[in-house]
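Here is a walk through one structure, part by part. Keep the sequence and the 3D view open while reading.

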Amino acid sequence: MIAALAFYVFAAILIGSAAMVVSARNPVHSVLFLILAFFNAAALFLLAGAEFLAMILVIVYVGAVAVLFLFVVMMLDVDFAALRGGFQRYLPVGLMVGLVLLIELGLVLSGWKFLPEAASIRFAPGVSNVSNTAQLGRLIYTDYVFLFQSAGLVLLVAMIGAIVLTLRDKGDSRRQVIARQIARDPNHTMVMMNLASHVGTKDLGYLRPTETEPEEAGDMPEQDHHEHAAQDVARGGHH
Amino acid sequence: MTNWTTMNWTLAIPEIVLSCFAMAILVFGALWKRESFRMCSMMAVGALLVTAMLVVSNSSGIGYRGLFTNDSFSGFIKLLVLVSSALGIIVSLDYAEHENLRRFEFPVLIMLCTVGMMIMASASNLMTLYLGLELQSLAIYVLAAFARDQLRSSEAGLKYFVLGALASGLLLYGISLIYGFSGSMAFDRLATALSDPTKASPGLIVGIVFVIAGLAFKISAVPFHMWTPDVYEGAPTPVTSFMGTAPKVAAMALLVRAMATPFGHLLPQWQQLIVLVSIASMLLGSLAAIGQTNIKRLMAYSSIGHMGYTLIGLAAGTAVGIRGVLIYLVTYVFMNAGTFACIIAMRRRGRMLEKVSDLSGLAKTDPGLAAALMIFMFSMAGIPPFTGFWGKYFIFTAAVQSGLWTLAVIGVLTSVIGAYYYLRIIKVMYFDEAHEAFDPRPGSLTFVGGVSAIFTTVFFLFPAPLVGAAEAAARVLFG
């Protein structure tokens, strides 16, 4: 009873927020509704007993993808009004295509019959007393460990490829040297002075560390640039 | 039948060791402050040799819950792939110095590519097949674009990547159809399920067609050859040399195993397709190469033709045919590696040359190089006693034994046509006006060219070990 109630609540919110994703005027709102939709879908997975999928949906989609979307939407200045410009003009064609698809879907579903054998294999054979997280883990990390590791190698090649083909070090990139950051003396960049009240001081500008910095381009060999990509971290924090 | 519960971890020891070596060299190259290209390349060659020894000493069997299989067929292919990868690295040594490509990722990528090809050779499940293929292809895409400051190289990499992704899509679609219509992706289960060919549904046949299409792209057989000339021409020459040998061998092995093991009972269904692809490749390879002036493009068309000949052996569908395929692949690898070593030696005043006319009068300025190239060209044309002739001999015999007369006749005719452009290169070298001499060639190229030339020439004296090994390997697939 409660499960059924929960299902309908989650499903209704899911559909409602999915509709809002496409109809919200503000793209940021769209992404926020998308996150809500993901959460409700995860809840539906939980009700169906697929707790691992539910957690993955939250971690991967909400945690990474949706937040990434949000950043993209907020950082890129996309003119959504212009994108919607052709909406009125293409509406009749779009509606017609949708109608045809709907009719076809109806035709397919009305004539659909499951084979009697199909009903028995529709659900993956579950092992009782083992959670599906354990089952998936067993499948991926034990039965298919060879494939899992091969896929890891494929990703390694992709990473090497991206670095080889795109990373160039012209010698003027700013590199983080932690030792130098730690060795800095506050006296180099900070001036303590006593000021009388209601009297200003003249602008001192930015204070740079005074110790002589070693020439960077010279002592860095060519190969060195593959070490890490953390090159844009400014030293000491001011540009 | 497979024992589905055993892992047999040790079966994949060569692959595991080679990937560990690759990662170790990667870390070494990244941390070593000084010039590390040459040292990493040497270590990579050493790692490939160690792996080859492990392959020889490894046992046969099925491991990883039926995903991976070791037999004399996979062992044969793995050794061939390892040797041609090592040749590929050696050939790149000098080129990289001249063209400013001294980057330690080059040997690392070749090693990871080799791991992919070894997985392909051992695949006994459609998923393993796909992952091995993808590991190999991805590394090749990067290698093709390795000279990133040259427009041609970037174009080659991008073109290969986009078309290769399309081919992978075709392959995956085919695999999904096969899985959907048969319920398994394991080769031996598929073979059991299809032991009665009348039960094979049309959907399954369509799936097989898609798989053949995807794999035909990787071996650049007509009609999936469009990328080959452009990519061969644009990629850095050592990469072209590597691309033309090892991956072709691995993809061909994959095609042979996929057709022979799970779909062996459906021979009449896929045979027609392989026959068509083979005829088209032989025709295009011999006719389109005639007009080429760039020797790398010419080699691209030549490789299309050679893949056509190799497919004859598969179309025969017998152990004799597969034996022919394996022998042909061995001869092809050495001819190709040797020819490309000669092409990389074509350098005048520090600049790479790629035109056939640049070879004119080579016999007077550099008799050694001219003689080596002549041996390879005679061999490719199929003139006895060089290996190319024996490769074709074993293939055509198998075709005749299986009653594929048309295929054999077309094969002989196209090799006569193809002989024209191979012999033209010899004519240019020996009878045309001499140009200025090439730059002195480095020892690495002399080594690769020499080893290949010796193998190509004297193979007919000691054919027994190779033919015996190929026969044992072929028996695994067609008992």
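In this predicted model, the secondary structure of chain B amounts to 19 helices and four strands. The radius of gyration of chain B is 21 Å, and the globule rule gives 23 Å for 479 residues; the two values are close, so chain B is as compact as a globular protein of that length. Measured out along its principal axes, the C-alpha trace of chain B spans about 65 × 55 × 40 Å.

The interior of chain B can be described by two percentages. Of its 479 residues, 63% are buried. Among the contacts in chain B with a separation of 6 or more, 82% are between residues 24 or more positions apart. On the outside, chain B exposes about 16,300 Å², and 70% of that area is supplied by carbon and sulfur atoms. The charged side chains of chain B number 29 positive and 22 negative, and the centres of these two sets are 2 Å apart.

Chain A has a separate description. It contains 11 helices and zero strands, and its pattern along the sequence reads α-α-α-α-α-α-α-α-α-α-α. Of the 239 residues in chain A, 20% count as buried. For contacts in chain A between residues at least 6 apart in sequence, 62% join residues at least 24 apart. Chain A exposes about 17,700 Å², with carbon and sulfur atoms supplying 69% of it.

Back in chain B, one helix can be followed in detail. Helix 16 of chain B covers residues 387-401, which is 15 residues; at 1.5 Å a residue it should span 21 Å, and its end C-alpha atoms are 21 Å apart, so the expected and modelled spans agree. Which residues of helix 16 of chain B are buried? They are Thr387(B), Gly388(B), Gly391(B), Lys392(B), Phe394(B), Ile395(B), Phe396(B), Ala398(B) and Ala399(B). These buried residues pack against several other helices of chain B, namely helix 12 (295-316), helix 13 (319-344), helix 15 (367-381), helix 17 (405-431), helix 18 (443-458) and helix 19 (464-477).

The two sides of helix 16 each have a backbone feature. In the loop between helix 15 and helix 16 of chain B lies Pro385(B), and the peptide bond that leads from Pro384(B) to Pro385(B) is cis, with omega near 5°. Just after helix 16 of chain B, Gly403(B) has a positive phi of about 80°.

Another cis peptide bond runs from Val222(B) to Pro223(B), with omega near 5°. Pro223(B) is placed in the loop between helix 8 and helix 9 (227-234) of chain B. Helix 8 itself, residues 202-218, contains Leu204(B). Is Leu204(B) buried or exposed? Its relative accessibility is 2%, so Leu204(B) counts as buried, the cut-off being under 20%. Apart from neighbours within four places in sequence, Leu204(B) is in contact with Ile178(B), Phe181(B), Ser182(B), Leu194(B) and Leu266(B). Thr318(B) is 114 residues from Leu204(B) in sequence, and their C-alpha atoms are 23 Å apart in space.

A loop residue can be buried too, as Gln292(B) shows with a relative accessible area of 14%. Gln292(B) sits in the loop between helix 11 (267-288) and helix 12 of chain B. With neighbours within four places in sequence left aside, the residues in contact with Gln292(B) are Arg297(B), Leu298(B), Tyr301(B), Val356(B) and Arg424(B).

Two asparagines of chain B remain. Asn8(B) is in the segment before helix 1 (13-31) of chain B, and its phi is near 50°, a positive value in a residue other than glycine. Asn8(B) has 35% relative accessibility and therefore counts as partly exposed. Asn100(B) lies in the loop between helix 3 (72-99) and helix 4 (105-122) of chain B. Its phi is near 60°, again positive in a residue other than glycine. With a relative accessible area of 52%, Asn100(B) is exposed, because the cut-off for that class is over 50%.

Note on methods: Residues are numbered from 1 along each chain as its sequence is written. Chains are lettered from A and ligands numbered from 1 in the order in which they are written. Side-chain values use heavy atoms; hydrogens and water are left out. The radius of gyration is taken over C-alpha atoms; the globule rule is 2.2 Å times the number of residues to the power 0.38. Buried means under 20% relative accessible area, exposed over 50%, partly exposed in between (1.4 Å probe, protein chains only). Contact means heavy atoms within 4.5 Å. Accessible areas come from the Shrake-Rupley method with a 1.4 Å probe; for residues, only the protein chains shown count as cover. Lys and Arg count as positive and Asp and Glu as negative; His and the chain ends are not counted. The place of a charge is taken as NZ of Lys, CZ of Arg, CG of Asp or CD of Glu. The expected span of a helix is 1.5 Å times one less than its number of residues.
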